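The exercises below concern the structure shown next. Each task is followed by a worked solution.

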Amino acid sequence: MTIEELLSGVIDERALDYRVLIGEEEASKPPLIPFFNLAPALNLLHRHLVRGGSVLIHADVDMDGLGAAKAVREELSALGFKDIKTCI
């Protein structure tokens, strides 16, 4: 891919973003990302919840990482988890 092709793609994307922003086009829904280990992860969380086990949330140190960690912590707390630790 040449630099011109790469830049053309960026410009096309930004033009689409602008058209969506001003209402000329509808925003498309992003595709769903398959989580291949979702069932085992949910089973593990459920076992910890039932047994009163602890949960560790590992987050990175930027705004989306901190915000995601806060959201996950609040949701786990609302589900009934008592021992929630956060590692940043």
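Helix 2 is followed by glycine 52, whose phi is positive, near 75 degrees. The model is predicted, with local features requiring pLDDT of at least 70 and side-chain atom pairs 80 or more, while totals for chains, interfaces and linings use all residues. Residues are numbered from 1 along each chain as its sequence is written, and side-chain values use heavy atoms, without hydrogens and water.

**Exercise 1.** Compare the expected span of helix 2 with the distance between its end C-alpha atoms.

*Solution.* Helices are DSSP runs of H or I with at least four residues, and strands are runs of E with at least two, numbered from the N terminus. The expected span is 1.5 Å times one less than the number of residues. For the 14 residues of helix 2 (residues 38-51) this gives 20 Å, and the end C-alpha atoms lie 20 Å apart, in agreement.

**Exercise 2.** Determine how strand 1 and strand 2 run and how many bridges join them.

*Solution.* Strands pair if DSSP finds at least two bridges between them. Strand 1 (residues 55-58) and strand 2 (residues 84-87) run parallel, joined by four bridges. Within this pairing, leucine 56 stands opposite lysine 85.

**Exercise 3.** Identify where confidence is lowest and highest in the chain.

*Solution.* Confidence is expressed as pLDDT, the predictor's score for each residue from 0 to 100. The chain averages 82, and 81% of the residues score at least 70. Helix 1 (residues 3-21) is lowest, at a mean of 63, whereas strand 1 is highest, at 93.
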